[in-house]
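Biologist: I have a sequence and a model to go through. Can we take it question by question?

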Amino acid sequence: MPATYDSVPFSELVRGGNVAVLRDVLPDALPWSTFLPERDLDSFIGELVSTAQGTAALDHLNSLALLLSQWRHSAEIYADPALHAAITQEPEGDLGPAPAPEATE
């Protein structure tokens, strides 16, 4: 089922920036977004709108594809409690010295 709202394509809703409507249709358009906590969902929608508007102006969608991929990976982490715990817990003990960065020419 394509994600539409009153026959308006999802891409047009995103570029239009109507946050309330986007919150309504996002679970249908991007089902993985349901795993994002509220505070992250707000950030995601804001970034989605601004990036979609920018990519439309440039007619270059790579930035939008990258943004969606990054947020999808975040949703994957929230969806897996064991993975989320492993990533968010503080490390135990001293992790040792950090190597000095290599000089660049």
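Biologist: Is W71 buried or exposed?

Modeller: This is a predicted model, and the value for W71 is computed from it. The relative accessibility of W71 is 11%. Buried means under 20%, so W71 counts as buried.

Biologist: Which residue forms an aromatic pair with W71, and in which helix does that partner lie?

Modeller: The two rings of this pair are 5.5 Å apart, centre to centre, with 50° between the planes, and the pair is tilted. It links distant parts of the chain, 27 residues apart, with W71 in helix α4 (residues 62-79). The partner has a relative accessible area of 0% and is buried. That partner is F44, in helix α3.

Biologist: How many aromatic pairs does the structure hold, and which residues form one cluster?

Modeller: The structure holds two aromatic pairs. In the pair of W32 and F44, the ring centres are 5.5 Å apart and the planes stand at 50°, so this pair is tilted. W32 lies in the loop between α2 and α3 (38-58) and F44 in helix α3, so the pair ties together parts twelve residues apart in sequence. The count is two pairs, and the one cluster is formed by W32, F44 and W71.

Biologist: In helix α2, which residues are buried, and which are exposed on the other side?

Modeller: The buried residues of α2 (residues 19-29) are V21, L22, V25 and L26. They cover an arc of only 135° around the axis, which puts them on the same side of α2. On the other side, the exposed residues are A20 and D24.

Methods. Residues are numbered from 1 along each chain as its sequence is written. This is a predicted model: local features need pLDDT of at least 70, side-chain atom pairs count only at pLDDT 80 or more; totals for chains, interfaces and linings use all residues. Side-chain values use heavy atoms; hydrogens and water are left out. Buried means under 20% relative accessible area, exposed over 50%, partly exposed in between (1.4 Å probe, protein chains only). Helices (H or I, at least four residues) and strands (E, at least two) are DSSP runs, numbered from the N terminus. The arc is that of the directions from the helix axis to the C-beta atoms. Rings of Phe, Tyr and Trp (its six-membered ring) pair if their centres lie within 6.5 Å; planes under 30 degrees apart count as stacked, over 60 as edge-to-face and the rest as tilted.
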